[in-house]
Amino acid sequence: MPVQKFMVNGQRVEVDVEDDVRLLWVLRDLLDITGPKYGCGLSICQSCTSLVNGKAFNPCSVPVGQLRPSDEVVTIEGLADAVDGDGLHPVQEVWLEEDVAQCGFCQPGQIMAAVDLIQTLLADGRRDVTEAELDSLRNVCRCGTYPRVRTAIRRALAVMAETPVFVRGAQR
Amino acid sequence: MRQSPDVSRRRFLGYVVAGPTLITAARWIDPLATADAQELPRIGAQIAESYDLIDFLRDAARPTANLITVTVEDDGTVSFELHRTEVGQGINTAIAMIIAEEMDVPLSQVRITQADARPELLFNQLTGGSNSIYTIYDPVRIAAAVARQRLLDAAAIALGSAGAELGILDGVIRAPDGSSLGFGELARDASSQVTEAVDVQPKRERPRIVGTPQNRIDARAMVTGELRYTGDLVVPDALPTMVARPPTHLGRPVRLRNEAAVLAVPGVTHVALVESGVAVRARTFGQCIDALQVIDVEWAPGPAAGMSDESVQAALADAELPQVVPDTGALTPLGIPSPVQTRDFSFTFAFQPNCPLETNPCVADVRTDRAEIWGPMKNPVVAQQDIASALGLPQDAVTVHVVQGGGSFGRDLFWDAAREAALVSQAMGVPVKLSWTRTDDFRQGRAHPACRSSIRITRSETDIVSYAQHHTSVNTDFGHGLGEIITARADELPGGLGGMGFSQTVFMLTQYVPYDFGAVEQLLAETLPAPGEIETNVFRTGSMRNIYSPNVVTARELAIDQVAAEVGRDPLELRLSTLRDARSVAVLEKVAEAGSWGREMPAGTAQGLGFHSEYKGRAACLIEIDCRPETVSRTVPTAAYAYTGPRVTRAIYAVDVGLTINPRGLEAQMLGGMMDGIANCLSFSLHLVDGGFAEDSWEHAYYTRQWNVPFETQVFILDSSSQPGGAGEFGVAASMAATANAYARATGSMPTSFPINHGMPLAESIVPQGAIPQSPTDGLGRR
């Protein structure tokens, strides 16, 4: 059985598993990193959204054999430590202040997608977000937290525009 | 700011329960405690106006309320094993707030966990019908008040001070001389070696926590990924397991044709045929999905084989009860226009999936003499009974652990996954961590039943003088144990309900017309199966958030708007002049004022109103919708599959649930309910095609997405009494109705079939029945 080597949440890992097993299951079933959720396995619901080299992606749609040893995956568990500073990532902080979560199941993915959107805007020198850009987020929330997600992203963008925060490896 | 609620002056009896630390409970069997129950109903009143579903569930819970205990630990933590299930509705936070309020401890010092199945609670461990806060508020408050009193008594002795001189701040009791003791230091002294009854009066001063906006106590665990849902649990040897399911809804497996090939799939350890399909256990869920690509099973068709949306709607039309109010005709016998006219309306509603995002997970470890089950169950006692029976074990050999759920919306009232996981574990002889696939969840999961609602309104001049609504539904499965309550309590119910079926009871305890419309009648008929026809359900149905109300209320509110238009009355004025009480008028006036009802809007856009009363509360919604072609045909660059359609641009909600425990949580429930209401009206349904539901993923089942969310949302909370009502489902019906009315006004055409996009052709990319789509492999490329 092949040995898969990559980085996750700052740690170098080696896992014995077939090349075609999707990363989501390697994280969840073999490494006990359960923040990324299974909501469809089809790259639709976005509840597994995590970051690879600073950019959002869906681990449900990546055969683990496609990762290089230097690729760094950051899941919700590692988000706070993947940026400078103590405490939580500013997006997580705003998520708490706005009390966004209801059942919470989709929220790791919501937060990672928000981090990616905000990083992209900041890299473009933007300090605002349009309704169309908020509409572009694909994350399903069956509790309907969408209005608070929009509010939280606007607030987090304002906070991060003052003090830019980028996850390791993200384009600045 | 909200007003200080009129906290009851009544004294209650509670218990200090024998134990090594302070444990307290409530005695709570006085059924005349509700003000509503003492009011004389008006002539012609409907049952639900004075005694509704949450009264019923609360009365059923009274005899066992004293089995619910508050415990003070020696570290000062106040812990409470909640006999309800947190699934996102914020019940853990609300209960923690009630305890923190009564005992003057910081919210962070209260620890709420989900209780295991406790069969001794009988009817008092059901999470549904928005009954939780209404049912638990008094018992928790009383138990906490007993604890507070005992701690004060113990502190008076320890500090050598008269009880009346002591004060409590943040879980510390202080004497006038400055000496103090924490709850933890007093817990042992305050405990009792025998259970004793205590007379107690809950706090009377102005509340400090209850009624203030509080963030969820579990939010940090959610945003850091630390919260473990069922699928995240680590139970030794409980490997990932999925089930191959039939190509028709509720079909059955006959035999597995290629066991060796399935076992040869990398990672697969076991395969077993069970009642619902063929289960595969593997090292990872990905390898289960691999096995589902090669598995070959012979299937027997399900009970809905050959049925379609059209045949179901035809069966509903056949089962509809005829109207008894005569049709007056447009002309009098003398040939002049009749001053009294009848108007008929019929609306149809498609099946809807009540899928949460979590896909029916369950962990089961079944041994020869015992079983242990973990899952997000809202009915754990009935689940335990059913699973024990299915496994051939005594009930007390089955331990059911209730795990916080990733959404429910009615789904977790049933334990389909738990029963299945238990049977799979038994058949394989090993522990399993079962998950349904997303596709399973839409096709074989629970559905809100298809239904139709027909209304006959009689008007005299410009007034409505009679209103009759006949609601006809595919059978709603209430087989989740409430039936036991009916058996126990049917004879005691007011209004001659005894002997009626459970659906009828729920309908009559939830539906009433809040307007003065003269002679009023609302009836339910159900079919598929027809009463007494066959024992098993044709479809796996269940209550979806707010049960009958979204459909019944939407039909009613649309009909009111149409009659108003026909007689030249403003829809707001007609409602305000016929609503029966000040609370109703207040919420409707609030949304009309905040939303500037009647403001000028461009052609193709419009406002709409909806009103709904249930759960002792009142709710109103104002929606603004944009149905212009350029909006309806908009695209989303990131999601080629996106269903866009009409856009609700603004949503305003006003709600009065009586006493609000947590305004922040209530607002969240209303916001979420509005997202449901919009989806119910415009886009979210299942298509029944040849005995199976077609939808396979969120790509084709159009629940509200960001591209459908209103740009502006507002929720106003109007408090009106000292007793909390129900809230978890209360955002759906009024917003669905308001969206429908806004759509009718924007397009000039009243919709009669819901959701409005249901007639759209199915996407060609939907996977065939019986197939499970394989996960993509281009995730690095498409980021």
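**Exercise 1. Strand register in chain A**

Task: Find which residue stands opposite A:Val8 in S2(A), and which residue is its bridge partner in S5(A).

Solution.
- Step 1. A:Val8 faces A:Gln11 of S2(A). The model used here is predicted.
- Step 2. Place that pair in its strands. S1 (residues 3-8) and S2 (residues 11-16) of chain A run antiparallel and are joined by six bridges.
- Step 3. Look at the turn. The hairpin of S1(A) and S2(A) has two residues between the strands, and A:Asn9 takes a positive phi near 50° there.
- Step 4. Turn to S5(A). Its residue A:Val73 is the bridge partner of A:Val8. A:Met7 stands opposite A:Glu72 in S5(A).
- Step 5. Give the sense of this second pairing. S1(A) and S5 (residues 72-74) of chain A are parallel, with two bridges.

**Exercise 2. The whole sheet**

Task: State the strand order of the open sheet in chain A. Which strands stand at the edges?

Solution.
- Step 1. The sheet has five strands in the order S2-S1-S5-S3-S4, and its pairing is mixed.
- Step 2. Read off the ends. S2 and S4 of chain A each have a single partner strand, so one side of each lacks a neighbour in the sheet.
- Step 3. Add the twist. On average, neighbouring strands are turned by 40° against each other, direction ignored.
- Step 4. Add the helix. H4(A) packs on the sheet and touches S3 and S4 of chain A. The direction of H4(A) makes about 140° with that of S4(A).

**Exercise 3. Two domains of chain A**

Task: Describe the contact between domain 1 and domain 2 of chain A. Which element gives the most to the domain 1 side?

Solution.
- Step 1. Set the bounds. Domain 1 of chain A covers 3-79, and domain 2 covers 81-162.
- Step 2. Their centres, taken over C-alpha atoms, are 21 Å apart.
- Step 3. Count the contact. Domain 1 of chain A supplies 19 residues and domain 2 of chain A supplies 15.
- Step 4. List the elements that give two or more residues on the domain 1 side. They are S3 (50-52), S4 (55-57) and H2 (76-79) of chain A.
- Step 5. Pick the leader. H2(A) gives the most, with three residues.
- Step 6. Classify the domain 1 side. It has eight nonpolar, nine polar and two charged residues.

**Exercise 4. A helix pair in chain B**

Task: Are H5(B) and H6(B) roughly parallel or roughly perpendicular to each other?

Solution.
- Step 1. Take the axes. Those of H5 (residues 132-159) and H6 (residues 183-190) of chain B come within 9 Å and cross at roughly 95°.
- Step 2. Apply the cut-off. Angles of 65 to 115 degrees count as roughly perpendicular. H5(B) and H6(B) are therefore roughly perpendicular.
- Step 3. Name the contacts. H5(B) residues including B:Arg150, B:Leu151 and B:Asp153 meet H6(B) residues, among them B:Phe183 and B:Leu186.
- Step 4. Classify. This contact has seven nonpolar, no polar and three charged residues.

**Exercise 5. Between the chains**

Task: How many residues of chain A are in contact with chain B, and which helix of chain A gives the most?

Solution.
- Step 1. 59 residues of chain A are in contact with 65 residues of chain B.
- Step 2. Elements of chain A that each supply at least two residues include H1 (23-30), H3 (90-97) and H4 (107-123).
- Step 3. H6(A) gives the most, with four residues.
- Step 4. The chain A side divides into 29 nonpolar, 17 polar and 13 charged residues.

Technical notes. Residues numbered from 1 in each chain as written. Chains lettered and ligands numbered in written order. Predicted model: local features only at pLDDT ≥ 70, side-chain atom pairs only at ≥ 80, totals over all residues. Domains from an automatic or database assignment. Contact = placed C-beta atoms within 7 Å. Nonpolar A, V, L, I, M, F, W, Y, C, P; charged D, E, K, R; others polar. Axes fitted to C-alpha atoms, helices over the stretch in contact; angles between N-to-C directions. Parallel < 35°, antiparallel > 145°, perpendicular 65-115°, else oblique. Pairing = 2+ DSSP bridges.
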